[in-house]
Structures are given as C-alpha cells and as structure tokens.
Amino acid sequence: MADEKQAITAPAASNVHPFAETNPPNEKSPEIIDNAKDETHVDDLKVDITGEDVEEDLYKPLLMAEEIPHEPNPLTVRAVFTGCLLGCLVNASNLYLGLKTGFTFSANMFGAIFGYGILKFLERVGGEIPIIGGIFGPQENSIVQAAATGAGGISGIFVAGIPAMYRLGVMGEGRNPREDIGAIFTITLVCSFIGLFYVTPLRKFFIIQVARELKLMFPTATAVALTIRSMHAGAAGSLEAIKKLKCIMLAFGAAFVHRITSYYAIGIMYDWHVFTWIHIWSGYTSWAMNIESWGWYMQWTPAFIGSGILIGLNPAISMFLGSLSAWGLIGPLLVHYGECIGLDASGGDPKWEGYTNFWSLSKLGERTPSPRYWMLWPGVMVMVCASMAELIIQWKVIWIGVKSAWNQTCISINQTLLKRGKQSTFFAKHGKEQDSQWHIEDPAPPEQQVKHWVWVVGMIFTTVLAMLIFHFQWEMHPGLTILAIVLAFLFSFLAIQIGAVTDQTPLTAAAKASQLIFGGATSGQGLDVLHAQKLNLVAGSLASGGAGVATELTSDFRTGFLIGTPPVKQWIAQAIGTFVSVWLAPGLFVLFTSAYPCIYDPLLAEGHCAFLVPSVTAWAAVARAVTDPQVKIPLASGMFAIAMGIVSIIQVVVRHYYLVGPREKYQKWLPNWGAIALSWVIPAPVFANAALLGAIIAALWRKYNFRTWEIYGYALAAGFIAGEGLGGVVGAVLTLAGVDGATKGTHIACPLNEC
C-alpha cells in the first residue's frame with residue numbers, strides 16, 4: 001500500500017501538474033470496465049512549490065501560490081454556464097463513444113483546462129463588467145469542472161440499459177425512443193439525482209475521515225486539482241496553461257475534422273482493413289478473409305488512441321492480450337470444434353467467400369451460439385468476481401461508512417428538533433460521535449457545508465418520486481424500487497472506494513450484480529418474461545446510474561477539498577450540471593437512434609451497424625439469462641467463466657494480502673482482469689489495437705521527453721476524445737439529412753465494399 005505521506009518533486013520553475021514517473025491518471029472511465037487502468041501512485045512523488053523540495057501532504061488542502069487573490073464567491077454564473085457548455089460537449093461525445101465501444105469519459109480534466117482558457121479570456125476582456133468580468137481563480141476553476149462533470153454525466157444508461165430494453169422488446173413492439181421520451185426523461189431524472197443526494201453526507205467520511213488510513217487518493221481528482229493549481233501559479237503557470245489550452249484546442253479540432261471527413265472515405269481515412277487488402281491483392285484468397293472476419297484491422301480513432309495515452313501500458317497490453325486470446329485463439333478453436341458457429345456474411349458473392357459473422361446474438365436458445373455469446377459469460381463473470389472480491393475485502397469500510405451515514409442523519413434530525421425546542425432521546429443517543437478515532441477536523445467550516453436538510457429532503461423526495469415513477473411507468477413494485485436504491489447505495493461504496501485507490505470505477509460490475517439480484521428477487525413472483533426483463537434492466541440502470549453520479553460527486557469533493565473550494569458551492573455546481581444532463585442526454589439519444597435505428601432495433605442490429613453497442617448486448621444477455629428459461633448458458637462457457645472468475649478473485653486476494661510491503665513493486669506485473677474481460681465482451685480487437693498504440697506512444701513520450709509530456713500529454717488525449725465524440729454527433733445529423741458518407745462517400749478498401 002502507499003505511504004501515508006504523498007511526496008511529489010518537480011523543478012521550481014515548472015510548478016505544473018506533477019505526475020512524474022508514474023502511470024497517468026484516468027480521464028475517466030469506460031462504462032464496461034469503467035476504467036481498466038494502472039494504479040496511479042502519486043505517493044512516490046514530490047512537489048516543489050516554494051523553490052525547495054518539500055514533502056506535501058496530499059491528504060490536506062494544497063498550498064497555493066501567495067499571489068492568488070481571495071475568492072469570496074467562486075460560484076459564478078460564468079463558471080456554471082461555461083462548465084455546463086463544456087459538459088454538454090463531453091455528454092455528446094460519451095453517447096457516441098459509449099454506443100460504439102461501451103466507454104464513457106469524465107469531463108473533469110477537459111472542463112478544467114478548457115474552462116481556464118474561456119474564463120481567463122473573460123477576465124481579461126470583461127474588466128469589472130458584472131457576470132462576465134472579474135478576477136478568475138482556482139476555486140472558480142474547480143466550479144467549472146464540477147459543472148462540466150455534472151453536465152457530462154448520466155450517458156451510461158443510454159449506452160446500456162435503455163437501448164437493451166428496446167432490443168428485448170420490453171418497451172413495446174415496434175416502438176422507438178422518440179415515442180417514449182417522457183418515460184426516458186423521468187428515469188434519467190431519478191438515476192441522476194438519487195446518487196447526488198445519498199452520497200452527500202458521506203463527503204467527510206471518504207475525503208477526510210478514512211482517506212489517509214485507506215489510501216483513498218482519487219488519482220484523477222487529485223490530478224485535476226494539481227493541474228488547476230499549476231495553471232494559476234503566476235506567470236509560469238499561466239504560460240503553461242496557455243500551452244495546454246492550445247494543445248487541447250488543436251487536438252479537439254483535428255479529431256473533430258478527421259471524424260467528419262473520414263465518413264466520406266472511411267476505408268482510407270479511418271478503417272484500415274489490411275487483410276481485406278491482402279484478400280483483394282492476392283486474387284481473393286479465403287484465408288485472409290477469415291482473419292478479417294474476426295475483426296483484425298486497424299482503426300485510426302483519435303478517441304481510442306487518446307484513451308490509450310491515458311490508461312497506460314498495463315491495461316492496454318491486458319486489453320490486447322484479451323482480444324488476442326478471445327478472437328485469435330479461443331474463438332477460432334470453438335468454431336473449429338463445433339462448439340460455436342459463424343454465419344456466412346459473403347452475401348453469395350464468390351469474391352468475398354470466407355467472410356463470416358461471428359458476432360450474432362439472434363435466436364439464442366434455438367441454435368448453436370456464436371463465439372460472441374460464448375465469450376460474453378466469462379467476461380461478465382470476471383468483471384463481477386473481481387469487483388465483488390474488492391468489495392468483500394473492504395467490508396469494514398462499508399460498515400464504517402454506513403455507521404457514519406446513520407450517525408450524520410441522527411445528528412441532523414437531532415439538531416433540527418433542538419432548534420424547534422423539541423428533543424428525542426433516540427436521535428440524541430445515536431447522533432453522538434461514536435468513535436473518536438474517526439473524528440477529524442473538517443477544513444470547511446459549517447457554513448460552507450451542504451445543509452443536512454438539503455440532502456435529507458432531497459433524498460426523501462427523490463425516493464418517493466422514484467417509487468411513483470417506477471410503479472406507474474415501469475410497473476415496478478415500490479418494495480423493489482427501495483431494493484434498487486439500497487443496491488445503488490451499497491454499490492456506490494464499491495465504486496468510490498475502488499476508484500479512489502485504483503482509478504477504476506466498476507459500474508458495470510455493480511449493474512450486473514444488481515441484475516443478478518433482481519433476477520432472483522423476481523423469479524418467484526409469477527411475472528411474465530418481458531415484465532421481469534424490464535424490471536431487471538430498470539434496476540440495473542438505477543444501480544449503475546446512481547453509483548456513477550455518486551462517484552463523480554465524491555471525486556469533485558476531493559478536487560474541491562484540495563483547492564479549498566466550499567463543498568456547498570461545488571455541490572450546487574454539479575447539481576445544476578446534472579439537471580442539464582437530464583434533458584440533454586435523452587435528446588441526444590433520440591438523435592442517435594433516429595439516425596441509426598440499428599442501435600435499438602434487434603432486426604436491423606443483425607446487419608451492418610455503425611455502432612457495436614457492446615454494453616447493450618451484455619445487459620440484454622444477462623437480463624435474458626436470469627429471466628428466460630429458454631436461454632441457456634453453454635456448459636463449457638459456464639465452466640470456463642467459473643474458472644476465470646476464481647482466478648480473478650485469487651489475484652485480488654494475492655494483491656491485497658501478499659504483494660504488500662517490499663513485494664508491492666510486483667503488483668504492476670499483474671494482468672488487469674477488468675481490461676481482459678472487456679476485450680472478451682467487445683466483439684472487435686480494433687479498439688484494443690488503437691488503445692495499445694496510444695499507450696505505447698505515451699510510454700515512449702514520457703520516457704524520452706517527460707517535460708513536454710507533462711505539459712501536453714493529458715490535454716492531447718482529452719482533446720482527441722472529445723473531438724471525435726462531437727464529430728460523431730455531427731455524423732448523426734448528416735445521416736438524418738441524407739448527406740452522410742453512406743450516400744455521398746466511398747467505401748473503397750472495405751470488406752464487401754462496406755465499413
């Protein structure tokens with residue numbers, strides 16, 4: 001485990017983001033494994049902020065430059081508006097990337113850097129003009145990223161649970177998302193705000209009380225705070241901030257333009273189907289087409305090259321090895337021995353003989369499964385087992401957290417009663433500090449805290465609203481709604497604690513566990529299959545969405561704690577951003593599904609589709625397996641899944657209890673089972689190829705020119721990710737307008753002349 005003191009060293013002149021000789025912090029998490037990345041050891045570093053090497057305790061607020069002026073009210077209109085605007089860009093990017101690959105990313109670093117540029121410009125040209133002008137400091141910068149994080153969130157349910165409902169037909173046969181926009185808005189509202197309210201009283205627990213003892217470093221949130229501080233550190237910091245800003249703008253623009261133009265020559269500018277080229281050049285030989293069928297080609301996707309830059313070599317190599325094992329070894333062997341089958345995709349054209357579809361998920365239970373369905377279960381099992389093992393190992397943390405939440409609730413109720421001249425022996429007794437070892441002074445005074453009545457009233461209101469909405473719109477019993485909220489709360493501990501240590505937030509594992517629990521809870525109620533599947537997916541969405549918002553708010557609290565931003569200001573900023581996302585995300589989902597009906601239509605999904613929607617298929621498959629007696633898990637697949645699940649659990653135990661102290665250095669050599677499982681679920685090695693390329697570039701860049709990496713590395717990756725994502729949104733608009741690449745472009749150099 002990490003040392004208690006987090007020591008960072010950088011030259012005095014630089015005073016910049018100080019992640020030297022370490023794996024990069026996460027720009028955020030894919031939805032499926034929700035950040036399969038290296039553990040970021042900020043504890044091995046030092047920061048120089050005064051001209052001398054000093055050890056800085058990163059469990060206390062950061063030391064800020066003396067020239068930074070006091071910020072009486074960092075929660076400004078310009079900061080919230082700018083943050084929401086930037087978050088909207090990331091929200092659009094996340095929907096595109098999530099539907100394509102299952103990955104989503106946070107807006108925190110993107111919002112921090114881009115927000116700096118916008119507000120610094122307003123500070124310079126606005127003078128003393130109200131709202132627009134005025135001094136811009138690091139606390140206001142943290143408000144920008146908090147609002148951006150809120151507005152950029154909640155896209156996860158639109159790349160998984162909601163489209164899975166349409167794929168299974170539980171939303172009504174023949175219906176499309178445009179017709180159900182009201183129901184989609186309401187479930188988004190509940191999933192967004194339930195996590196925001198129930199995690200608020202746990203800020204002190206996670207950020208202050210147990211952070212040092214449990215080594216809750218929150219690598220990404222810490223990186224954002226350090227980046228904000230560096231950008232506001234006098235002339236040198238301002239100069240490097242401008243460099244970061246220029247880099248992120250150029251990367252964003254280049255990725256945006258590349259994605260749009262590539263639609264019109266996709267086989268040349270975006271997808272390089274090398275084995276298709278060999279197939280054509282060699283006179284149409286089937287062996288090359290067979291390799292092509294398993295998805296082995298190169299995609300020049302800035303988003304996933306940027307993702308690889310962020311995640312580091314260990315998870316990138318693990319992803320690649322996972323793809324190699326699944327789609328280069330296990331899958332072909334399964335087909336060779338008749339355990340799985342592929343479907344002829346040549347269209348009867350002898351030129352394309354050998355081109356096969358190995359990814360079909362249709363007619364489950366009626367015919368021999370595809371390799372994709374066979375590999376789905378080991379992937380899901382490893383995700384759940386590895387994450388649940390982490391949860392069980394940290395059971396003391398959860399118990400302490402539950403006691404802390406109960407204690408804070410009793411304190412709040414007791415204080416309210418005393419103000420009204422009443423008293424309660426019960427709440428007075430349970431509202432005392434139960435254990436002095438957890439009583440640590442909070443640097444934020446009471447007037448800067450979120451008032452207890454705010455989250456108590458909000459939690460009660462949202463719970464009642466959820467019970468009404470889920471009962472009347474989704475036909476869920478109020479008791480099952482309460483169960484779903486409790487599961488979301490418990491899984492938030494899992495996501496926050498694991499994410500704070502490893503920068504990996506296992507939201508998908510939380511959702512899958514919720515699906516399994518609800519499968520058992522509804523099995524004896526006499527529900528028809530479609531109704532049971534609807535409840536299963538709604539519950540999974542609530543667990544995943546609630547835990548995702550709770551994790552993001554806690555990370556923002558960590559950034560604000562380091563910067564010194566009042567918690568209530570950050571909470572309000574993120575709440576406003578979250579409210580924006582409630583309306584934005586459903587609208588974007590309708591836009592994409594209107595342009596690409598194959599996202600939600602199971603019949604169109606079997607043909608060519610611009611989106612692989614791996615999360616959708618995984619959620620739908622789990623829902624069917626736990627509710628439909630006709631859908632079976634292949635025996636060999638189940639046995640392999642159990643074996644791999646056990647292996648992943650053993651690794652978690654070994655890492656926590658054996659590879660500690662002097663043996664901790666060997667942890668970096670352990671495979672990342674989350675990344676491997678991801679590659680087993682995503683039916684295409686192409687994303688692993690791109691991520692590995694990005695990770696190799698980053699590793700070489702850090703090794704041979706760390707100074708420029710320190711300035712440009714994360715900005716480049718963030719710009720690539722957001723730029724391609726927004727380009728995907730424009731692509732959907734072009735498709736609706738009938739001027740997209742499919743109608744006006746060329747598919748030359750693509751298999752079957754279609755990419």
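Reader: Which residues make the nonpolar surface patch of about 640 Å²?

Author: In this predicted model, the patch is made by Leu313, Ile317, Leu321, Leu324, Ile696, Leu700 and Tyr704. Two elements give two or more residues to the patch: helix H13 (313–336) and helix H26 (686–704).

Reader: Which helix gives the largest share of the nonpolar patch?

Author: H13 does, with four residues.

Reader: Take Leu700, which is found in helix H26. How should I read its relative accessible area?

Author: Buried means under 20%, exposed over 50%, and partly exposed in between. Leu700 has a relative accessible area of 47%, so Leu700 is partly exposed.

Reader: Now the interior. How many residues does the largest nonpolar core have, and which have the most contacts inside it?

Author: That core has 208 residues, and those with the most contacts inside it are Phe110, Phe470, Trp474, Trp571, Phe592 and Phe611. Helix H20 (residues 529–563) gives the most to this core, namely 13 residues.

Reader: What does Phe611 touch, not counting residues up to four places away in sequence?

Author: Phe611 touches Tyr96, Leu99, Lys100, Phe592, Tyr596 and Ile599.

Reader: Lys100 carries a charge-bearing side chain in my notes. How should I read salt bridges, and how many salt bridges does a search of the whole structure find?

Author: The general idea is that side chains of opposite charge can pair when their charged atoms come close. A search of the whole structure finds seven salt bridges. In one of them, the side chains of Arg78 and Glu140 meet, at 2.7 Å from N to O. Arg78 is in helix H1 (residues 77–101) and Glu140 in helix H3 (residues 138–151), 62 residues apart, and the pair links distant parts of the chain. Both residues, Arg78 and Glu140, are buried.

Reader: And which residue forms a salt bridge with Lys100?

Author: Glu724 does, with the closest N and O atoms 3.4 Å apart. Glu724 lies in helix H27 (residues 706–737) and Lys100 in helix H1, so this pair ties together parts that are 624 residues apart in sequence. Glu724 counts as buried at 0% relative accessibility, and Lys100 counts as buried at 7%.

Reader: Where do Glu123 and Lys120 lie?

Author: Both lie in helix H2 (residues 108–126), three residues apart, which is about one turn of the helix. Their side chains meet in a salt bridge of 3.2 Å, N to O. Glu123 is partly exposed, with a relative accessible area of 22%, and Lys120 is partly exposed, also with 22%.

Reader: Which residues are linked in a network of salt bridges?

Author: Glu240, Arg707 and Glu710 are linked in this way.

Terms used
Residues are numbered from 1 along each chain as its sequence is written. This is a predicted model: local features need pLDDT of at least 70, side-chain atom pairs count only at pLDDT 80 or more; totals for chains, interfaces and linings use all residues. Side-chain values use heavy atoms; hydrogens and water are left out. A nonpolar core is a set of buried Ala, Val, Leu, Ile, Met, Phe, Trp, Tyr and Cys residues joined through side-chain atoms within 4.5 Å. Buried means under 20% relative accessible area, exposed over 50%, partly exposed in between (1.4 Å probe, protein chains only). Contact means heavy atoms within 4.5 Å. Patches are made of residues with over 30% relative accessible area and no salt bridge: like charges are joined within 9 Å, nonpolar side chains (Val, Leu, Ile, Met, Phe, Trp, Tyr) within 5 Å. Accessible areas come from the Shrake-Rupley method with a 1.4 Å probe; for residues, only the protein chains shown count as cover. A salt bridge is a side-chain nitrogen of Lys or Arg within 4 Å of a carboxyl oxygen of Asp or Glu.
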